[in-house]
Amino acid sequence: MGFRDECGVTGIYGVENAAALSYFALTSLQHRGQESAGIAVSDGTKINLHKGMGLVSDVFEQGHFEALNGSIAVGHVRYATAGGRTIDNAQPFMNSFKNGSIALAHNGQLVNHTTLREMLEDHGSTFSSSSDSEVILKLIVRKYIENGGHLGTPNEEENSGELNQQRFVEAVVQTAKLIKGSFALCIMTENMLIGVRDPNGIRPLCIGLIGGGVTGAEPPLEGVASDEVRAQGETSPSYIITSESCAIDSVNGRFVRDVEPGEIVVINKVGLRSIKYAEDKKRTCIFEYVYFARPDSEIDGISVQEARYRMGEELAKESPVDADIVIGVPDSGLGAAQGYARASGVPYGMGIIKNKYIGRTFIAPTQKERENMVFVKLNAIRSDLEGKRVIVIDDSIVRGTTSRRLVQILRRAGAKEVHFRVSSPQVKFPCYLGIDTPSKNELISSNHELEEIRKEIGADSLAFISLEGMRKAFGADSFCKGCFNGEYPV
């Protein structure tokens with residue numbers, strides 16, 4: 001059992017069928033969370049919300065979209081990192097008041113949510129969940145009230161049914177400065193969409209343009225500034241803010257740029273406005289490239305698939321071995337395997353087939369049965385492997401149980417030798433910033449030497465890419481690598 005994904009978020013602005021596009025975007029982000037899904041939509045006067053447990057396709061039926069009319073939406077797919085696995089913790093979270101509503105979707109994990117929650121409870125806030133994401137929502141509400149906004153009876157500056165935009169944006173800025181940890185947020189009111197990325201940019205968030213605004217106008221094609229996007233003519237373009245660029249592609253949109261670390265983007269009828277609320281201290285989670293993100297995504301200017309190719313190439317340079325075939329563990333090991341084959345000259349082959357009808361949500365009653373699910377999810381192609389010396393590339397080794405069963409599968413298919421290569425360094429520390437990892441004493445690399453791990457998984461040889469090799473592969477060192485070296489940006 002390895003890393004579990006965190007969450008995926010999306011926000012849509014200026015499209016009449018915002019809920020439908022959110023559905024497509026969330027489906028493309030399904031790999032980031034399979035526990036629950038939800039979409040909130042504004043029709044300009046009120047926000048409607050539907051969420052439930054399970055995959056996007058399980059949670060939403062055609063009839064749900066009849067009640068989700070509107071041109072602004074936020075959506076979420078979840079795998080629990082903070083808070084239990086219950087419907088109460090499913091997102092987006094929403095607060096409704098006499099003169100306005102707020103909906104919020106969060107990817108990441110706060111490290112100071114307990115302190116903030118206690119402070120909010122002391123001031124009268126109540127919570128319906130155990131999620132740190134609801135803490136963010138309640139904190140925004142409190143800051144909005146402190147700024148003079150009214151959530152009950154509207155004052156002279158506010159129209160009934162509408163939050164004061166300037167005060168609300170300021171509340172979001174103040175909240176972003178208070179919360180600590182990893183966060184990529186999509187927040188909406190009845191008439192506004194906001195995206196927020198933490199100062200370290202640990203979790204990804206990007207902006208895209210969707211062809212044709214509400215009235216059908218084409219958005220600008222080129223020269224979109226990083227600090228501001230304005231409408232051309234009388235019609236604002238339509239936007240998507242989302243965790244990965246593959247979700248922009250899924251709605252036939254056009255990638256503009258990543259939200260910068262420490263940046264808030266505000267989208268309303270005027271266009272897109274950028275607010276820099278904190279210094280950019282970029283430390284994107286390296287495992288976004290190693291494992292979490294889809295290979296067709298691009299994060300902070302780096303192609304995920306190209307990064308995996310290069311990690312495989314560096315791994316081949318560091319740990320060559322005589323063999324007849326290189327194979328990858330589906331899906332995130334495939335790119336690194338192709339890179340290893342390209343650099344080593346050893347032919348690349350399929351070798352392993354994945355049963356794509358066994359989702360990550362499958363629940364087995366015992367740990368042993370969960371471990372044995374590897375035999376159901378993966379199977380070897382005997383004709384590729386029989387009598388051959390095999391190099392198998394995986395993205396990581398966490399507990400080691402999956403790797404051991406994988407080696408058994410390959411040997412059962414007739415592999416003469418199995419040489420295990422890993423395209424990330426040894427995982428020795430748990431993650432506190434949005435990934436559901438085992439505790440330190442469950443991480444095989446934190447308690448065993450390399451040779452002990454090799455014997456445990458049953459491979460003929462074992463090697464991990466070095467931290468220096470990974471740095472060479474990326475050509476940069478601006479990443480969070482806490483799970484490898486215990487050094488966290490927060």
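Angles between helix axes under 35 degrees count as roughly parallel, over 145 as roughly antiparallel, 65 to 115 as roughly perpendicular and the rest as oblique. The model is predicted, with pLDDT of at least 70 needed for local features and 80 or more for side-chain atom pairs, while totals for chains, interfaces and linings use all residues. Residues are numbered from 1 along each chain as its sequence is written, and side-chain values use heavy atoms, leaving out hydrogens and water.

Helices (DSSP runs of H or I, at least four residues) are numbered from the N terminus. Axes are lines fitted to C-alpha atoms over the stretch in contact, and angles run from 0 to 180 degrees between N-to-C directions.

| Helix pair | Angle | Axis distance |
|---|---|---|
| H4 (residues 113-122) and H5 | about 45° | 10 Å |
| H5 (residues 132-146) and H6 (residues 165-178) | roughly 130° | within 8 Å |

H5 is therefore oblique to H6. The crossing of H5 and H6 is right-handed (near helix turned clockwise from the far one by less than a right angle; anticlockwise is left-handed). In this contact (heavy atoms within 4.5 Å), H5 contributes Ile136, Leu139, Ile140, Lys143 and Tyr144, and H6 contributes Arg167, Phe168, Ala171, Val172, Gln174, Thr175 and Leu178. Eight of these residues are nonpolar (Ala, Val, Leu, Ile, Met, Phe, Trp, Tyr, Cys and Pro), two are charged (Asp, Glu, Lys and Arg) and two are polar (the others, Gly among them).

H4 and H5 are likewise oblique to each other, but cross in a left-handed sense. Their contact joins His113, Leu116, Arg117, Met119 and Leu120 of H4 to Asp132, Val135, Lys138, Leu139 and Arg142 of H5. It comprises five nonpolar, one polar and four charged residues.

How values were computed. Helix = DSSP H or I, 4+ residues; strand = E, 2+ residues; numbered from the N terminus.
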